[in-house]
Amino acid sequence: MTYGFTESTFETITVPDTEFLLLDDCTLAFFIGFRNKTMWHLLQNKSDQYKVFHIPKSNGKKRIIHAPSPLMKVFLHRLHARLLLPLQEQLGDHVTAYRPSRSIVDAVSRHIPACDICDTAPKGQTPQQHTCPKQGVYIKMDLKNFFPSTRRAWIRHYFQSIGYSFHVSGLLANLMTVPIKNSKGIDDDKYRGTPRQQFFHGTPQGAPTSGAICNLVANHRFDQRILEYFNDRNKREGLESPWDWRYSRYADDLTITCGQDIPAAEKKEIAKDVTQIVESSGYKINRAKTRIASAFYRRKMLGIVMNQKPNIEYNEYLRIRAIVHNCMVSGIETQHERAGMTTPEELLQYLRGKVSFIRQVHSDKGDKLKAELDVAIDNWKAHDK
């Protein structure tokens, strides 16, 4: 298979599926499956390998997306498959995002402890009054600017910590980062010629390697310290499953639970301790999104209700069901404006994502919605013909 050094011609080479020792730039390029000159072409022209655009957030702000060029995308996919995926397999169960063997339901299920009374009660019947581990502590925290905050120096330090040389670690860090403007607003496409202190290199949101390397760096910088903190609390307080302290991170969402309920002041102190651990590592906690729930508060994690078992929020399910039903009865082309979409294709893409999410959490409900959506799609295609 041939490509080339320019945009249309560069060469890739076959790499044997064996353990490989990365010594310098030549062995690194060979390990990934590219020639050395191609790798250096990408490094020296990195600013030209990404298309930058913005996506609006729900809070009115904009999220910066870096879309890699076809050449850079192939290169980073190779790097992700050959290097980062094997490294991620060594992470614990507390990290669930961007891992092929984990799902969003796995992340939520980790924080729903078993209860002999609740789990064995007949469907639709309220269990008798009892002390339940499902009604203990629930703390949710959020990292601010998770991807761009993961800096080039931190990535280099991580690879050095697992045994790579300074040279190879620096090359890997350069390949996985892009120039990020600072708080003064330096434009991404005008960083050349500006003083170095006006910008830094962070992880691009949109690159194939970003999720995995951010997982590995965050685990190295603060995840292990938080796990040690709660392991010490479990030993000190004599807590075992299902009453023990549990911690997980799904990308930038941090979740902490415990089967025992404690006073509000102590919950705030724990949240403060975790914030100190995270921010001492260089990341920032978005304090506006920190949630500390009481014992009988409806708990929601990653869009999933998790009081007794993973489930879809009922009002959200009814809303999606109504849209899908209307599309099946009246046609997709009649519903996109009513749903706030500009085109039927945009509505269809939105519904496919929502139905897929519901199927992950509740397969029975999701399968029924998918069947109705398939009928609506077939009717729409037949109408267009």
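These are my notebook entries on a predicted model of one protein chain.

**Ground rules.** I number residues from 1 along each chain as its sequence is written, and my side-chain values use heavy atoms, with hydrogens and water left out. Since the model is predicted, I accept local features at pLDDT of at least 70 and side-chain atom pairs at pLDDT 80 or more, while totals for chains, interfaces and linings use all residues.

**Whole chain.** I looked up the secondary structure and found 13 helices and eleven strands. Helices (H or I, at least four residues) and strands (E, at least two) are DSSP runs, numbered from the N terminus. Of the 385 residues, 45% are buried. Buried means under 20% relative accessible area, exposed over 50%, and partly exposed in between, with a 1.4 Å probe and protein chains only. The accessible surface is about 20,700 Å², and carbon and sulfur atoms hold 50% of that; the areas come from the Shrake-Rupley method with a 1.4 Å probe, and for residues only the protein chains shown count as cover. I then took contacts (heavy atoms within 4.5 Å). Among those between residues at least 6 apart in sequence, 65% join residues at least 24 apart.

**Helix α1.** I checked residues 25-32, where six of the eight residues are buried. They are Asp25, Thr27, Leu28, Ala29, Phe31 and Ile32. These buried residues pack against α2 (36-44), α3 and α8 (166-175).

**His80.** I located His80 in helix α3, residues 70-88. Is His80 buried or exposed? His80 is buried, at a relative accessible area of 17%. Leaving out residues up to four places away in sequence, His80 touches Leu85, Pro208, Thr209 and Ala212.

**Hairpin β1-β2.** I count two strands as paired if DSSP finds at least two bridges between them. Strands β1 (residues 50-56) and β2 (residues 62-68) run antiparallel and are joined by seven bridges. Phe53 has Ile65 of β2 as its bridge partner. Five residues lie between the two strands of this hairpin, and Gly60 in the turn has a positive phi of about 95°.

**Sheet β9-β10-β11.** I found three strands in an open sheet, in that order, with antiparallel pairing. The edge strands, each paired on one side only, are β9 (300-301) and β11 (311-312). Strand β10 (residues 304-305) is joined to β11 by two bridges, and Val305 stands opposite Asn311.

**Backbone oddities.** I noted a cis peptide bond between Ser241 and Pro242, with omega about 10°. Pro242 sits in the loop between α9 (210-237) and β6 (245-250). I also noted positive phi at two residues that are not glycine. Asn145 has phi near 50°, lies in the loop between β3 (137-142) and α6 (146-149), and is partly exposed at 43% relative accessibility. Ala251 has phi of about 60°, lies in the loop between β6 and β7 (253-258), and is buried at 8%.

**Cavity.** I searched the whole structure and got one cavity of 30 Å³ or more. A cavity is a set of points, on a 1 Å grid over the protein atoms alone, where a 1.4 Å probe fits but cannot get out; lining residues have an atom within 4 Å of a point. The volume is about 50 Å³, taken as the space filled by probe spheres set on the points, which are joined across faces, edges and corners. Among the lining residues are His111, Asp244, Cys258, Arg299 and the cis-bonded Pro242. The lining divides into five nonpolar, three polar and three charged residues. Here Ala, Val, Leu, Ile, Met, Phe, Trp, Tyr, Cys and Pro count as nonpolar, Asp, Glu, Lys and Arg as charged, and the others, Gly among them, as polar.

Terms used:
On a 1 Å grid over the protein atoms alone, a cavity is a set of points where a 1.4 Å probe fits but cannot get out, and a pocket is an open set with protein on both sides within 12 Å along at least five of seven lines; lining residues have an atom within 4 Å of a point.
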